Amino acid sequence: MFEKTLAELAQGLNAGDYSSVELTQAYLDRIHKEDSRYNSFISVTAEQALEQAKAADALRSAGNAGPFTGLPIAHKDIFCTDGVRTSCGSKMLDNFIAPYNATVVEKFNAAGAVSLGKTNMDEFAMGSSNENSFYGPVRNPWNTDCVPGGSSGGSAAAVAARLTPAATGTDTGGSIRQPAALCGITGIKPTYGRVSRYGMIAYASSLDQGGPMARSAEDAAMMLNVMAGFDPKDSTSLEHAVPDYCADLNQPLKGLKIGLPKEFFCAELNPAIAASVQAAVKEFEALGATTQEISLPNTHLAVPAYYIIAPSEASSNLSRFDGVRYGHRCADPIDLEDMYKRSRGEGFGSEVKRRIMVGTYALSEGFYDAYYKKAQQIRRLIRQDFIDALQQIDVIMGPTTPHPAFKLGEKTSNPIDMYMEDIFTLSLNLAGLPGMSIPCGNTAGLPIGLQIIGNYFAEAKLLNVAHQFQQATDWHLQQPADLFPATHNTTEAS
Amino acid sequence: MQWEAVIGLEIHAQLATKSKIFSGASTAFGAEPNTQACAVDLALPGTLPVFNAEALRMAVMFGLAIDAEIGYRSVFDRKNYFYPDLPKGYQTSQLFHPIVGLGHIDIELANGAHKRIGVTRAHLEEDAGKSLHDQFPGMTGIDLNRAGTPLLEIVSEPDMRSAEEAVAYVKKIHAIVTTLGICDGNMSEGSFRCDCNVSIRPKGQQEFGTRTETKNINSFRFIEKAIKGEIERQIDLIEEGGRVIQATRLYDADKDETRSMRSKEEANDYRYFPCPDLLPIIIDTEYVEAIRATLPELPDARHARFMEQYGLSDYDAGVISAYRDTADYFETTARVAEDAKLAANWVMGELSKFLNGNNIEICNSPVAADILGQLLARIKDGTLNGNAAKQVFEALWNGETDVDQVIETKGLKQVTDSGAIETMVDEVIAAATPQVEQYRAAEPDKRGKMLGFFMGKVMQASKGTANPGQVNKLLKVKLDALCD
């Protein structure tokens, strides 16, 4: 049961092999037994999950089940869930019970999905290793000495460890794709504005985008069918028709034009990753695709531009956490200033403070033109690079990350080293383009991610390309060696 | 030395939208604290703003009314600062690309001359909540009902040179926004408030002096007093060898003085940047022209028409046209009464006295405009004299609605029968021997003034219904006959 995809589980539910309550209970038990090894969940909502499962089973027996009815998933703890703690990985919100559902959560609820709980994450989605969580680091199921990536590290690890069939994530600079790559799962960051941001706690509003994290492209397509669409509550969501993302998965790839940006195959790239990506490209050629080298000349400016824009927006977005209305308030403040300083000083972790300070500085009078305005100009150049490139080709491919999963603590002392892990992912957020990561190899027992980038609203194309690769290869089916220790082995594991 | 004041004003007009500028919560005034603040107003994590298009329409109306450049692409910016009644830690405003650009209005000065005052810009922004410092000992209460109420901040050029000019400008802006129906203009509830930037310079000098900003003044009278006081304070300061420090000041109406709130050194760096949660507002000429077609007659045009059409004096026309509700009321009354001057006198006189005395807005007047018109028609046709009309008005104010019935029941129909009047006059003269003797003893040119006593007695005897003209004439004839 734990090795099945969402699509397979849906078949099992329809065939009556198991009920949603049984499926949900099995996953809850597995989380209960195994998550101490990974720390991928912040909150497990067993009671609500079983209620949702019961309701889903009732719908199914009444003949009213949809494609997602009764399927368990988990939500990154950045999505507000009514009546459930929504911490965003921060001490600041450790006591915050959201009084409403994020649009994404609402949509999954309406589709009949079961939420197992809330997954761990870097505090306020700031990080690339999930070491910045108030609830402790998440461990990579492939090697528990390694990080799972971040910021959606809990979602990635939970899917990789088969603690949930799928999970939601968010991606501001690579936070879906990088942990997907490091944990050997499939993740897609949709076009900016494709998935509503309402109820998704903001890190950098112009870059944040929610998306699916799952075991296969087909599962990601099923999830995106639920998640995508215009939301009147989010002014930046787009009124663009939502296709059935499952409809074109089986289109053949003959004639697909793939661009390989020379800037992505740089000196910093781990040779094993380079080799795996090249091998994957060969596989696509075998499926009928053609390849050509392209150039994205401003790629080297993406990290500096991102680390101005994202912290600037964050410095303002996180001002609301002031201890006045909700969240952490320091004990016995002597006056207003003391309350602000200590509440925020105690509530935020060091990476969040670092980015608030960087952003505050970049927006300061006298520095605005040199930093924020300049970064926005660079952002337009980066966007133009992609638009130009995508006129001649269908998709861009390259590595998702320059390195495989690194050891816990390895990069925590040097923020710049950590930031460089996102060099291939964050230019897409600056451009607003969709991108996904799928497993395409491994090195020293750690998975490798292939990044596929498409034009605006080309999610269906990306999912089709990924699905065809997954039909021809089995990288996405590989899983960590000791997922089911003998003592824990259950009969469901087939 | 001859000093000249330089004054620029920032007016915050609350726009009369039903819901807030970025959320669906109600903007109604006076509800229980925090009952009109939704998740967005409380700035709960994850919430996002959605712009209320009604606020845009109102801002564009104002822009057209002051002949301003309209911002076809306007952008919301975030003004970042911490304050407990500012839930997001930033105010969403428009710094770089406001919805309304350079425009102007004309004000009339005491000497009758007109002066043009530039309006630099008007931009949309959200109001903050309120901090309540006196209800919870040792703590501060926060009421976020007002948070997110749409404001139009109207910024003038530093074109005014006296407190009187400033007040004339504020009154004119007030008349425009209330006539447009985009602001209720209620200053005591804070719907319309004013920040005054004041500096002084030696007369003839081009360069501006250092200015102070006095915040949130909420009556015309306080604006005048605060500016006058601030000009005097600055002159005294400089003449005593001091210098003006750029600062934000507060006007204390109880003490009638301004005091420093914070200096420039303590001022925030607001770190403005474009709000990434809101898209730029793009409008086209079609949208703007459709709004232009809906503009009501503006105060200046109405003022001119009232002089032209009704023959009102410049002053009366100005007062009546300053509020749309007053102007509308007047026009209805004048039409029903078929006498505009009589209507103007009553609207500005008796009606105004009752409204002010009971603190009632003209739109809520217990005496409707057409009813007052019917009453005035009875003066015009001679049924009522002025005195009796006031008695009828009082009855109408207290709930009566049928003018003729009130006249009938109270027996207030004017007595014009000369026989009846003559009888009353004779009785009064016969009963007032000492006064008649005084009248006779007086110089002929002093006698006119002494008629008042006899008039009063006759009117009293007729319960106010005798025709005053006839009484006056007859008294004069009869008394003068006694003098020969």
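**Notebook: helix α4 of chain A, the chain contact and the domains of chain B**

I began with helix α4 of chain A and noted that Thr103(A), Val104(A), Val105(A), Glu106(A), Lys107(A) and Phe108(A) are buried. I recorded that the model is a predicted one.

I then considered the helix as a whole. Because six of the eight residues of α4(A), which spans residues 103-110, are buried, I entered the helix as largely enclosed by the rest of the structure. I looked up what its buried residues pack against: in chain A, these are the strands β2 (72-76), β3 (114-119), β4 (166-170) and β6 (210-214), together with helix α7 (217-227). After the helix I found Gly112(A), which has a positive phi, near 90 degrees.

I turned next to the contact between the chains. Chain A gives 35 residues to this contact and chain B gives 25. I sorted the side of chain B that touches chain A by class and obtained 17 nonpolar, five charged and three polar residues.

Last, I examined chain B by domain. I listed domain 1 as 8-198 + 261-288, domain 2 as 299-410 and domain 3 as 418-483. For domains 1 and 2 of chain B, I noted a separation of 35 Å between the C-alpha centres. I found seven residues of domain 1 of chain B in contact with five residues of domain 2 of chain B. On the domain 1 side of this contact, helix α2 of chain B (residues 163-180) gives the most, with five residues. By class, I entered that side as three polar, two nonpolar and two charged residues.

Technical notes
Residues are numbered from 1 along each chain as its sequence is written. Chains are lettered from A and ligands numbered from 1 in the order in which they are written. This is a predicted model: local features need pLDDT of at least 70, side-chain atom pairs count only at pLDDT 80 or more; totals for chains, interfaces and linings use all residues. A residue is buried if 20 or more other C-beta atoms lie within 10 Å of its own, exposed if 12 or fewer, and partly exposed in between; C-beta atoms are placed from the backbone. Helices (H or I, at least four residues) and strands (E, at least two) are DSSP runs, numbered from the N terminus. Two residues are in contact if their C-beta atoms, placed from the backbone, lie within 7 Å. Ala, Val, Leu, Ile, Met, Phe, Trp, Tyr, Cys and Pro count as nonpolar, Asp, Glu, Lys and Arg as charged, and the others, Gly among them, as polar. Domain bounds come from an automatic or database domain assignment.
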